[in-house]
Amino acid sequence: MDGIGDQRSGIGDRGSGIGDWGFGIRWFVVVATLLVGASIAKAQQTPQRFGIGTPATREEIATLDIDVRPDGAGLPLGSGTAVEGAPIYAQKCAACHGANGEGGAADVLVAAEPRTSAPFGPAYESWRNGGKDVPFTIGNYWPYATTIFDYVRRAMPANAPGTLTTNETYSLTAWLLARNGIIDESAPMTAETLPKVVMPAHARFAPDDRKGGPTVK
Amino acid sequence: MRNSKGPGARGRFTRREILTGTVGAAAIALGAKDSEGQGTAGVDTIHKPGHGPTPIGTRSPAEQPKRLPSPISSRTPLQDLDGTITPSDLHYERHHAGVPAVDPGAYQLLVHGMVDRPLTFTLDDLRHFPQVSRICFLECSGNFTPSGEQTTAGALCGLTSQSEWTGVMLSTIFKEAGAHPQATWFLAEGQDAAVMTRSIPIKGAIGEAMIAYAQNGEPLRPEQGYPVRLLLPGWEGNANVKWLRRIELADQPFMTREETSKYTDPLADGTARQFSLVMDARSIITTPSYPHQIGQGWNEIRGIAWSGRGLIRRVDISTDSGQTWKTATLQQPVLPKAHARFRYLWQWDGKPTEVLSRAIDETGYAQPDWQTLQAVRGRRTRYHQNPVTGWKIGADGVVRFGIERVRS
């Protein structure tokens, strides 16, 4: 918009500078100015749509749309338990995350003590009492169980991401939840059961409340 | 050119190579391999013409700045740079499953979800839309890694860099697809091996968000998301999803791994701050810094300051270990959500001291000290750390990182 204003005022200045040329020329200049002004304004208009891009087909969307939301939207048909997940974990995950999820080259996955507290905040500091820090894990920090399925399916195992079957992913999700003491070893994880799992850290998460200004948060 | 192997093979020029004018081609072949400044030392430049024009320019063989790589990132050598634009090959990189080799001819961006018209865009499609360019910083929210007195500015906080980015406004793409007014979030997804995803609040992002395809006048570097990335000026680097393949509009966040278990802030009160996307104001003195050595007399203190909330209003400098503060000069133009270069002339008396900088942005936010951050956030917060940092000057003029100031 600023650009249009600049160009219009530039033409206007030129017009006022030739005011002595007589009535006819003056009118010509006024009309010409209006026409030029109008065409500039038209050239600078932004259309509602450009007509660029190709309509995406249902199939194209389905191929790429692999995300899973906390309400379970996006979870595929399938099922798996921790018992079924144990051998898959041992084969595909343990090398980096440790035999029992205790961590190694990659993140710790299974929470140590304290079982009833997050690894931060006043309760934790008092429990810890100057002792060694507890790592952040699925059991003590992840707020949504659906995130495990979503992340494992898209990014794990790190050396062959995207190769796990749906049932393998459900089974590994179940194994991680069971090892963290959140579900029973035999509880099947499915599109119905997984979104209902309430994670221990769920209620701790709050949206950013920083707003700038002199207060440090 | 006569010497097809080039001197890079052994890293030295012979006098004959220098005098016969093969140094030009040789210097190109040498590239970044040389770290000893070979190729310019002792060269007689006025009795023999230099090398002719070449298709690609190169740095002087005497200048070999390098990033500081780790297994998951590579840091910009802030201590070696001037001005505010980071050379593209020194821009920091951070990724979660390596840098993918994306074929630009096969590239497509899918926009779907709460839209009237799900669309795919090729790279040519995106370039066809009205174009915008903007200079702004990027910063990884994990950009605070002090180690000891021998920490360089780049090692401490080199996960920030600045470029001029060019692309199309995200709002233009949303209009094209017919974004529903009820859509409040969108998912941005990369096509790297982590298929990295972040949920972005539309209201906060849409005014300035860009789909960027160029950096400093040329296509994006692979490490910065070639061929297309999301650009959210002032927001934490991770949310600026690279190798962007998909945008899905929705009425809620997707709660991906990176925005729940990572990049969140566990606070002293037992709550975890989520979607803390705006990078708070910060500054770093880059000259003098480790491993520089200064002499008595006039020294110019230089550095960069930036804020994810807008303009840097002021930078304060202390040359007496934080007892008193003076105002630095800001190099114009100061741009919003961009690195601003500051400088302060100082006469060093030869006594040991510590020099510090403190950024104040247009909202009145002042970069806090480490103790203040620890008090409000607790000691387990891992991201978004922006404490005032300083450089200790010894009696011998040797500059070391002020590690004590940021120790718990």
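# Fold, contact and core of a two-chain model

Student: Read along the sequence, what pattern does chain A follow?
Tutor: Helices (H or I, at least four residues) and strands (E, at least two) are DSSP runs, numbered from the N terminus. Chain A holds 9 helices and 2 strands. In sequence order they follow the pattern α-α-β-α-α-α-α-α-α-α-β.

Student: What is the mean pLDDT of chain B?
Tutor: This is a predicted model: local features need pLDDT of at least 70, side-chain atom pairs count only at pLDDT 80 or more, and totals for chains, interfaces and linings use all residues. Residue numbers start from 1 along each chain as its sequence is written; chains are lettered from A, and ligands numbered from 1, in the order in which they are written. pLDDT is the predictor's confidence in each residue, from 0 to 100. In chain B, 91% of residues reach 70 or more, and the mean pLDDT is 92.

Student: Over which residues of chain B does pLDDT stay under 50?
Tutor: Scores for the model are ipTM 0.88 and pTM 0.87. One stretch of chain B has 54 contacts beyond four places in sequence (contact: C-beta atoms, placed from the backbone, within 7 Å), yet its pLDDT stays under 50. That stretch is residues 1-37.

Student: Which element gives the largest share of the side of chain A that touches chain B?
Tutor: The contact takes 44 residues from chain A and 51 residues from chain B. On the chain A side, β1 (54-55), α3 (58-64), α6 (122-128), α8 (146-155) and β2 (205-207) each supply at least two residues. The largest share, 5 residues, comes from α8(A).

Student: How many residues of the side of chain A that touches chain B are nonpolar?
Tutor: Ala, Val, Leu, Ile, Met, Phe, Trp, Tyr, Cys and Pro count as nonpolar; Asp, Glu, Lys and Arg as charged; the others, Gly among them, as polar. On this side, 11 residues are charged and 7 are polar. The nonpolar count is 26.

Student: Which residue in β5(B) is the bridge partner of T54(A)?
Tutor: Two strands pair if DSSP finds at least two bridges between them. β1(A) and β5(B), residues 119-121, pair in the antiparallel sense over 2 bridges. The bridge partner of T54(A) is T120(B).

Student: Which residues touch the most other members of the largest nonpolar core?
Tutor: A residue is buried if 20 or more other C-beta atoms lie within 10 Å of its own, exposed if 12 or fewer, and partly exposed in between, with C-beta atoms placed from the backbone. A nonpolar core is a set of buried Ala, Val, Leu, Ile, Met, Phe, Trp, Tyr and Cys residues joined through C-beta atoms within 7 Å. The largest one has 127 residues, and touching the most other members are F186(B) and I211(B).

Student: Why is α9(A) largely enclosed by the rest of the structure?
Tutor: α9(A) has 14 residues and reaches 20 Å from first C-alpha to last, close to the 20 Å expected at 1.5 Å a residue (1.5 Å times one less than its number of residues). Its cover includes α4, α7 (138-141) and α8 of chain A. The helix is largely enclosed because the buried residues number 12 of the 14.

Student: Is Y89(A) buried or exposed?
Tutor: Y89(A) sits in α4(A), residues 82-92. Beyond four places in sequence, Y89(A) contacts A94(A), L172(A) and W175(A). Because Y89(A) has 21 C-beta neighbours inside 10 Å, it counts as buried.

Student: In the hairpin of β8(B) and β9(B), which turn residue has a positive phi?
Tutor: β8(B), residues 185-190, and β9(B) pair in the antiparallel sense over 5 bridges. In β9(B), residues 197-201, 4 of the 5 residues are buried, so this strand is largely enclosed by the rest of the structure. The hairpin has 6 residues between its strands, and the turn residue with a positive phi, about 40°, is V195(B).

Student: Which strands stand at the edges, each with a single partner strand?
Tutor: An open sheet of 4 strands in chain B has the order β16-β17-β21-β20, with antiparallel pairing. Within it, 5 bridges join β16(B) to β17(B), residues 297-306. One side of each edge strand is left without a neighbour in the sheet, because each has a single partner; these strands are β16 (282-287) and β20 (329-330) of chain B.

Technical notes: Two residues are in contact if their C-beta atoms, placed from the backbone, lie within 7 Å.
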